Amino acid sequence: MIRKEAFVHGKVINELRRIVEDSEIMAEDDALWPQPDRVGRQELEIVIGDEHISFTTSKIGSLVDVNQSRDPDGLRCFYYLVQDLKCMVFSLIGLHFKIKPI
C-alpha cells in the first residue's frame, strides 16, 4: 500500500469534501461488492466530521466489471468517485511540479 502525506490549502480540502458529498458514497455499502482476490484490492477510507466509512473491493478493470457485480449502482458510485479523486490528485501533483507555465 502506498501512503503519502501532503499539506494543501483549505479550499482544496473543501473541494475534496464537495466531491465526496456529491457522490453520495456515504450511503453505500460494500457488502455485495466483489471481495479482494489474487488480482488485487482497492480500499477507500473517508472521514468527514463524525462520519467514518471504509470500502474494500477487488481491483476494478473497467465498467464491465462494475456492471457484472451484485450491486452495480453502488460499485459504479465508488468507481466514478475514485476516478474523480485520482484526477484531482494527479492534477495537483502536475501543477506542483510544473516549472514554467506555457
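Which relative accessible area does Arg76 have, and is this residue buried, partly exposed or exposed? Arg76 has a relative accessible area of 25% and is partly exposed. The legends below describe a predicted model, beginning with the whole chain and ending with Arg76 and its surroundings.

**View 1. The protein chain comprises 3 helices and 2 strands.** Read along the sequence, these elements follow the pattern α-β-β-α-α. Along the principal axes, the C-alpha atoms fill a box of roughly 45 × 30 × 25 Å. The chain has 102 residues, of which 29% are buried. Its accessible surface comes to about 8,000 Å², and carbon and sulfur atoms account for 54% of that surface. Of the contacts between residues at least 6 apart in sequence, 50% join residues at least 24 apart. The chain carries 13 positive and 17 negative charges, and the mean positions of the two groups are 11 Å apart. The structure holds 4 salt bridges, and several of them appear in the views that follow.

**View 2. Strands S1 and S2 form an antiparallel hairpin.** Strand S1 covers residues 41-48, and strand S2 covers residues 51-58. The two strands are joined by 8 bridges. Between them lie 2 residues, and Gly49 in this hairpin takes a positive phi near 60°.

**View 3. The side chains of strand S1 alternate between two faces.** Gln42, Leu44, Ile46 and Ile48 point to one face and are buried. Arg41, Glu43, Glu45 and Val47 point to the other face and are not buried. In a regular strand, such alternation between the two faces of the sheet is the general pattern.

**View 4. Arg41 and Glu43 meet in a salt bridge on strand S1.** The N to O distance between their side chains is 2.7 Å. Both residues point to the face of S1 whose side chains are not buried. Arg41 counts as partly exposed, at 45% relative accessibility. Glu43 is likewise partly exposed, with a relative accessible area of 41%. Across the hairpin, the bridge partner of Glu43 in S2 is Thr56.

**View 5. Glu15, Arg18 and Asp22 are linked in a network of salt bridges.** Within this network, the closest N and O atoms of Glu15 and Arg18 are 2.6 Å apart. Glu15 and Arg18 are 3 residues apart in helix H1 (residues 10-23), and therefore about one helical turn separates them. Glu15 is partly exposed, with a relative accessible area of 30%. Arg18 is also partly exposed, with a relative accessible area of 39%.

**View 6. Arg76 forms a salt bridge with Asp73 in helix H3.** The closest N and O atoms of this pair are 3.0 Å apart. Because Arg76 and Asp73 are 3 residues apart in the helix, they are separated by about one helical turn. Asp73 counts as exposed, at 57% relative accessibility, whereas Arg76 is partly exposed.

**View 7. Asp71 is buried yet has no salt bridge.** Asp71 is found in the loop between helix H2 (63-67) and helix H3 (72-97). Its nearest side chain of opposite charge is that of Arg76, which is 8.0 Å away. A salt bridge requires a nitrogen and an oxygen within 4 Å, so Asp71 and Arg76 do not form one. Leaving aside residues up to four places away in sequence, Asp71 touches Glu28, Asp29, Leu32 and Trp33.

Key. Residues are numbered from 1 along each chain as its sequence is written. This is a predicted model: local features need pLDDT of at least 70, side-chain atom pairs count only at pLDDT 80 or more; totals for chains, interfaces and linings use all residues. Side-chain values use heavy atoms; hydrogens and water are left out. Helices (H or I, at least four residues) and strands (E, at least two) are DSSP runs, numbered from the N terminus. Buried means under 20% relative accessible area, exposed over 50%, partly exposed in between (1.4 Å probe, protein chains only). Lys and Arg count as positive and Asp and Glu as negative; His and the chain ends are not counted. Contact means heavy atoms within 4.5 Å. Accessible areas come from the Shrake-Rupley method with a 1.4 Å probe; for residues, only the protein chains shown count as cover. The place of a charge is taken as NZ of Lys, CZ of Arg, CG of Asp or CD of Glu. Two strands pair if DSSP finds at least two bridges between them.
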